[in-house]
Number of protein chains: 2
Amino acid sequence: MYLGIDGGGSKTKAILVNEANEVIGTGLAGPSNPLHGVEQAFTSIRLSAELALEDAGLPRSHIRNLIVGAGLAGVNLPDLYQVVDQWEHPFADFFLTTDLHIACLGAHGGGDGAVIITGTGSCGYSNVKNRTLIVGAHGFPFGDKGSGAWMGLEALKYALLSSDGLAPQSPLQARVEQHLDAKGIDMVGRMATATSSRYARLAPLVLELAEAGDPVSLAIAKDGANYISQVAEKLLAQGPERLSMLGGLAPRLQQWMAPEIVVRLSEVQFSPEFGALLYAKQQLKQLVKTA
Amino acid sequence: MYLGIDGGGSKTKAILVNEANEVIGTGLAGPSNPLHGVEQAFTSIRLSAELALEDAGLPRSHIRNLIVGAGLAGVNLPDLYQVVDQWEHPFADFFLTTDLHIACLGAHGGGDGAVIITGTGSCGYSNVKNRTLIVGAHGFPFGDKGSGAWMGLEALKYALLSSDGLAPQSPLQARVEQHLDAKGIDMVGRMATATSSRYARLAPLVLELAEAGDPVSLAIAKDGANYISQVAEKLLAQGPERLSMLGGLAPRLQQWMAPEIVVRLSEVQFSPEFGALLYAKQQLKQLVKTA
């Protein structure tokens with residue numbers, strides 16, 4: 001049996017299929033980005049697999065029969081990849097790759113292509129004729145332009161400047177204050193230890209006001225969308241047949257992206273966790289061929 | 001005996017004076033910004049006082065005779081002020097205020113005035129006829145424009161964009177990579193859990209290249225300096241007799257600040273920890289007067 005895992009900074013999704021490729025169970029566990037804790041990542045991966053087995057009406061002990069493909073956030077860092085890859089995992093086989101790779105495999109049904117992900121974070125990825133390019137995927141707070149977390153950070157920066165009278169007026173200040181139930185310096189207390197997902201919850205305020213024509217919000221949204229267009233150009237220069245956008249912000253960002261990019265976008269075919277499953281099958285086939 | 005304490009995100013300085021106001025001991029301990037841990041703050045404050053006593057050749061038990069003025073980062077947040085103010089401290093008296101207030105008291109010899117601090121963080125503060133104004137002091141990563149941490153964050157953001165080919169070329173990329181001993185995505189690994197002081201260590205790279213005329217670095221430096229000029233304007237509108245700049249970046253930022261602001265700047269008279277001491281004396285006098 002094959003299990004596909006999509007592991008990110010807030011949750012881990014597992015999908016279990018039978019030999020006919022039919023989904024027989026799914027599991028959902030906590031975060032598994034090893035950058036924020038390797039042990040937590042292992043725990044979440046294992047739990048998501050056990051929950052998928054239970055969901056399929058199978059005993060947890062079947063975990064040792066599973067051939068697992070896992071795409072994790074954070075393992076684009078070579079050191080972290082090593083650490084996770086050397087895990088004494090409980091599965092029959094464990095094929096590790098990045099969350100970007102499985103998203104790309106899923107989006108294009110296991111074939112070559114490129115993807116841009118704009119959710120809590122942002123990044124671009126292409127895989128064309130065994131050549132891989134990653135654009136962005138740098139993380140919060142220094143990277144991930146155009147993402148929800150970045151947009152939320154920009155919104156908070158604006159609201160704080162504006163509350164000091166050092167920025168042009170915009171309803172965005174009041175909306176952020178309302179969302180945080182705090183004004184001025186008290187917004188800082190609310191967000192002092194906030195994670196990137198917490199920041200991303202401010203992004204819809206920017207998007208709504210931008211769509212209503214507020215210049216401050218529009219400037220933030222356009223700045224983000226412009227970066228995503230630049231990422232798309234880099235990816236398209238690799239010559240992928242297909243380019244897809246994934247993630248919560250993808251549909252709404254497109255209105256401010258370069259129109260010549262938007263017309264090049266293709267629909268996503270399968271989910272990232274299904275992409276992880278395809279990855280495990282490809283890797284096993286490769287192993288069998290080599291042997 | 002009076003003890004003045006200046007407590008920040010990286011260290012806590014204590015200064016001990018005798019009745020003739022002569023410095024008889026100093027102490028240096030770890031961080032005491034309660035935003036990053038209230039217990040740590042209490043430990044550092046106590047230790048800095050004990051070290052100052054030891055430095056003066058006095059037993060640590062004299063701690064209970066000390067009249068202490070303390071200015072701490074973070075207590076501009078009302079909730080945190082409450083928590084620290086309710087501390088069962090080991091001193092005879094403990095007068096708490098913000099790091100901004102003691103910097104201002106120190107800079108102007110205990111009198112009214114305004115200060116701008118641009119070190120690891122940035123902020124403006126004025127105290128004129130019992131009216132206080134705080135501008136900025138929002139913290140990293142969403143505030144503190146013009147500070148060392150902000151400048152370092154901008155440098156890293158640039159270096160990451162540039163390593164993806166999505167920013168104009170500048171020697172700043174190579175300088176950041178060299179400083180971090182990492183390129184591209186590996187820079188992320190180096191800075192993933194970095195504190196604001198770690199970011200601030202990148203600021204000199206920006207300042208050096210800006211002074212050498214590099215357009216990318218110059219744009220960052222000017223953006224920061226322009227914000228600091230705006231903060232100064234807000235403070236000057238309160239009518240302070242004196243405005244001073246403090247902090248590691250203060251001398252070098254001035255070359256890009258508005259000249260009409262720079263000519264208004266006055267030299268600092270005393271250190272913030274001395275300002276804390278003046279605060280304790282003022283508060284005690286007030287108490288005696290009231291009683």
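In this predicted model, strand 6 (residues 113-118) of chain A and strand 7 (residues 122-128) of chain A run antiparallel and are joined by six bridges. To find one of these links on your screen, look for Gly113(A), whose bridge partner in strand 7 of chain A is Asn127(A).

These two strands belong to a bigger arrangement. They sit in an open sheet of four strands in chain A, in the order 8-7-6-9, and the pairing is mixed. Which strands form the edges of the sheet? Strand 8 and strand 9 (243-246) of chain A do, since each pairs on one side only. From one strand to the next, the twist averages 15°.

Two helices of chain A meet this sheet, and the table sets them next to each other.

| Helix of chain A | Strands of chain A it meets | Angle to a strand of chain A |
|---|---|---|
| Helix 3 (residues 99-107) | strand 6, strand 7, strand 8 and strand 9 | about 120° with strand 6 |
| Helix 9 | strand 6, strand 7, strand 8 and strand 9 | about 10° to strand 7 |

So much for the sheet; now zoom out to the whole of chain A. How many helices and strands does chain A have? The count comes to twelve helices and nine strands. The radius of gyration of chain A is 20 Å, close to the 19 Å that the globule rule gives for 291 residues, so chain A is as compact as a globular protein of that length. Measured out along its principal axes, the C-alpha trace of chain A spans about 65 × 40 × 35 Å. Of the 291 residues in chain A, 53% are buried. The contacts also say something about how the chain folds back on itself: among those between residues at least 6 apart in sequence, 67% join residues at least 24 apart.

Chain A can be divided up as well. Its domain assignment gives domain 1 (2-109 + 269-290) and domain 2 (148-262). The C-alpha centres of domain 1 and domain 2 of chain A lie 31 Å apart. Where the two domains touch, five residues come from domain 1 of chain A and five residues from domain 2 of chain A. On the domain 1 side, the touching residues divide into two nonpolar, three polar and no charged.

Next comes the meeting of the two chains. Here 25 residues of chain A are in contact with 25 residues of chain B. Which elements of chain A each supply at least two residues to that side? They are strand 8 (131-136), helix 4 (148-163), helix 6 (185-191) and helix 9 (215-236). The residues on this side of chain A divide into 13 nonpolar, eight polar and four charged.

Chain B has some details worth finding too. Strand 2 (residues 12-17) and strand 3 (residues 23-29) of chain B pair in the antiparallel sense over six bridges. One of the pairs to look for is Lys13(B) with its bridge partner Leu28(B) in strand 3 of chain B. The hairpin made by these strands has five residues between them, and Asn21(B) takes a positive phi near 65° there.

Finally, is helix 3 (residues 99-107) of chain B enclosed or open? Nine of its nine residues are buried, so helix 3 of chain B is largely enclosed by the rest of the structure. Among these buried residues are Asp99(B), His101(B) and Leu105(B). After helix 3 of chain B comes Gly109(B), with a positive phi near 60°.

Definitions and conventions: Residues numbered from 1 in each chain as written. Chains lettered and ligands numbered in written order. Predicted model: local features only at pLDDT ≥ 70, side-chain atom pairs only at ≥ 80, totals over all residues. Contact = placed C-beta atoms within 7 Å. Nonpolar A, V, L, I, M, F, W, Y, C, P; charged D, E, K, R; others polar. Rg over C-alpha atoms; globule rule 2.2 N^0.38 Å. Buried ≥ 20, exposed ≤ 12 C-beta atoms within 10 Å, placed from the backbone. Pairing = 2+ DSSP bridges. Axes fitted to C-alpha atoms, helices over the stretch in contact; angles between N-to-C directions. Domains from an automatic or database assignment.
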